[in-house]
Amino acid sequence: MRLLSLAILAVMISSGAAIACSCADVTPRSCNLMANRDVSIFVGTVVSVENPPKEGDKAGGTARYHFRVEEWMSPDARREVEVLSGRGGADCSFWFETGIPYLVFAYRGEKGELWTSVCSNTRRVGDAGPLLTQLRAMHNGHPVARVYGTLRRVQQPYGATYQPDFDKPLAQVVLHFDSSKRKIAAKTADDGTFAVYELPSGTYRITADLPADLELAQTILSDPPAPLQLDTGSCVELDVDALPTGKIRGRLLAGDGKPLWNAPVELFSVERYKEGTRGWWEFVDDKKKYFEFDHVAPGEYLVVLNAGNRLDTDVPYPRTFFRDAPDLLRAEHIRVGPGDQLLNTDIQLKGGTLTRKITILVVFAGGGQPTSSLLFVKGSKGEDAFPSPLEENLYELNALPDSEYTITAHTNFCDPETESSPLIFLGGSAPSELTITVPDTKCSELPPELKRRRGK
C-alpha cells in the first residue's frame, strides 16, 4: 500500500537556478488541493525543452520545459506555459519527456516562474486517473472523496524476477474500511479505481475480498497494509497493493545434512538469469536458518547460493543452483503456480573449502571489557569473512587455513572511540582462542533500546 502525499517543495533560487529542494510529507492532506494559490495545476504536453537533462550529466543547472496546456485546474487560461526543474545531482528534479501528457503541480518562484520536482504530485496522465477525477470535482465544485486510489495486483519490485503481464488493476473487488465505530465497503471500477465519500475521521483497517492466491501487503517489507489514519478535513490518495501468496522456502544443507547459515541466496526468473547480475536477494540468518522468498508471482524460477561465486568462510561453497547443480545447464527449475507454498526447496551443498573456527575476545589493555565492540576482518585471499558474536566482546571466525588475517577491534559507546592495533595471524596455525586488546577508554552504558534487544 502506498500513500501518495502532496509534498511541500522548498526551492532556493539564485540567478534563476534551483539550488536545492526538500520534501515534507503532509499526508493526510486537505480536501481542496487548489486552496494554495501559489500552486498551478494543469494537464499539458511538453512540446520542447531547453537545456534538457541527460543521464550521467553532473553539470546541474535548470531545464526549461515548454508546455501546451490542455486543461487547467487552478485559475488560469494560458494555452502555453514554461515550467522549470533541475537537471539532476540530488536536486529533486522531475524529468519530462516530449509528446507525453502530464498532470503538473507547479510552484511559483520568487519572480513568478513555475517550478516542479519529484516532491510534487506531478505525474503522467496515464498514472493520474483517481487524482485527476478528484481534481476535476474540486474544480467544478462537486463532492470530493475522502479516500481514493487504485487497487492493483503487483509483484515484488525486483527486475530479476519480473513476470510480464502480472501487474494489473483489479476490477470489481470489494474493499473494506473498518474502524472501531464504522465499517464501510467500496467496490473497485473496471479500471481498478475506487472512491469512498462518506468516511468519517478515524483509524481504519483495510481488507479486500480477494481470491486465495492474492493478499493485501506491502512490497519489499511484505507486511500487511498499515492502518489508515483519516483526520478531520483530510482526503487521502491511497494505492492498495494485492501481492501473490506464492512462497519459496528452503535450507542450505551441507554434505552431512546439517543446515548452514550466514549466507545470501538469490532468486531469478529463468529467462532473466544472467551471470554477474543481482537477483532477488534474501539472507539465511542464524535465527531462522532458512531462506524465504515471500509473495512470489506465478512463474518459473532459479534459486542460487553464492551467485557471485565468491569465497565465503561462513558457507565456503561455490555457486550452487537448486537442487545441487554447479552450473546453469544442470540447474533444476522451480515452478510456482498461483498461491503455491514451496517450503522444502533445500539446496544440497557438495565439496566446499575447509575452514577452522577461531574465537576472538576483545579486552581493555588495563583489564576488563568494553561496553560494546566491533571487529573488522581482512583476509589475504579476498574472502568474505564476518565474525559471529557469541556474546558481548566474544566472536567466532571461520578462517581459511592458508589465508592471513588482519583484524582490528573498535569500541562502541566509548569516549573516545578506540581502535586496537592490528592482530595478524595465519588461519591454519593460529591458536583456536585469540585475544585482541584495545587501549583503555571511558565507556558509557548501552542505550536502553540496545539493552532490551540484547536482553540486558
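Residues count as buried under 20% relative accessible area, as exposed over 50%, and as partly exposed in between. The views below are all drawn from a predicted model.

**View 1. The salt bridge of Arg78 and Asp76, and that of Arg68 and Glu70.** Side chains of opposite charge can pair when their charged atoms come close. In the first pair, Arg78 forms a salt bridge with Asp76, and their closest N and O atoms lie 2.9 Å apart. Asp76 has a relative accessible area of 26%, and because this value falls between the two limits, the residue is classed as partly exposed. Its partner Arg78, with a relative accessibility of 41%, is likewise partly exposed. In the second pair, the side chains of Arg68 and Glu70 meet in a salt bridge with an N to O distance of 3.1 Å. Arg68 is partly exposed at a relative accessible area of 41%, and Glu70 is partly exposed at 35%. The structure as a whole holds 19 salt bridges.

**View 2. A salt-bridge network that includes Lys247 and Asp294.** The side chains of Asp294 and Lys247 meet in a salt bridge, with 3.0 Å from N to O. This pair links distant parts of the chain, since Asp294 belongs to strand S25 (residues 291-296) and Lys247 to strand S20 (residues 246-250), 47 residues apart. Lys247 has a relative accessible area of 13% and is therefore counted as buried, the limit being under 20%. The two residues belong to a network of salt bridges in which Lys247, Arg249, Glu292 and Asp294 are linked.

**View 3. The disulfide between Cys31 and Cys235.** A disulfide is a covalent bond between the sulfur atoms of two cysteines. In this view a disulfide joins Cys31 to Cys235, with an S to S distance of 1.9 Å. The link of Cys31 and Cys235 is right-handed, with 95 degrees about the S-S bond. Distant parts of the chain are linked by the pair, for Cys31 sits in the loop between strand S4 (29-30) and strand S5 (39-50), whereas Cys235 sits in strand S19 (residues 234-244), 204 residues apart. Cys31 is partly exposed at 22% relative accessibility, while Cys235 is buried at 1%.

**View 4. The disulfide between Cys414 and Cys443.** The count of disulfides comes to two, and this view shows the one that joins Cys414 to Cys443, with 2.0 Å from S to S. The link of Cys414 and Cys443 is right-handed, with 90 degrees about the S-S bond. Here too the pair links distant parts of the chain, with Cys414 in strand S36 (residues 414-415) and Cys443 in strand S39 (residues 442-443), 29 residues apart. Cys414 counts as buried at 9% relative accessibility, whereas Cys443 counts as partly exposed at 25%.

**View 5. An open sheet of strands S22, S21 and S30.** The three strands are arranged in the order S22-S21-S30, and their pairing is mixed. Strand S22 (259-260) and strand S30 (347-348) are the edge strands, each of which pairs on one side only. Strands of a sheet pair through backbone hydrogen bonds, either parallel or antiparallel. Strand S21 (residues 252-253) is joined to S30 by two bridges, and these two strands run parallel. Within this pairing, Leu253 stands opposite Gln348 of S30.

**View 6. Nonpolar cores, with the surroundings of Phe177.** The largest nonpolar core has 46 residues, and those with the most contacts inside it are Phe177 and Leu252. Strand S19 contributes the largest share of this core, namely four residues. When its neighbours within four places in sequence are left aside, Phe177 is in contact with residues including Val147, Ile184, Phe194, Val196, Leu199, Tyr204, Leu228 and Leu238. A second, separate core has 19 residues, among them Ile360, Phe364, Tyr395 and Ala399.

**View 7. Helix H1 and the glycine that follows.** An α-helix has 3.6 residues a turn, so residues three or four places apart point the same way. In helix H1 (residues 129-139), the buried residues are Pro130, Leu131, Leu132, Gln134, Leu135, Ala137 and Met138. H1 is followed by Gly141, which has a positive phi, near 75 degrees.

Definitions and conventions: Residues are numbered from 1 along each chain as its sequence is written. This is a predicted model: local features need pLDDT of at least 70, side-chain atom pairs count only at pLDDT 80 or more; totals for chains, interfaces and linings use all residues. Side-chain values use heavy atoms; hydrogens and water are left out. Two strands pair if DSSP finds at least two bridges between them. A disulfide is a pair of cysteine sulfur atoms within 2.5 Å. Buried means under 20% relative accessible area, exposed over 50%, partly exposed in between (1.4 Å probe, protein chains only). A salt bridge is a side-chain nitrogen of Lys or Arg within 4 Å of a carboxyl oxygen of Asp or Glu. A nonpolar core is a set of buried Ala, Val, Leu, Ile, Met, Phe, Trp, Tyr and Cys residues joined through side-chain atoms within 4.5 Å. Contact means heavy atoms within 4.5 Å.
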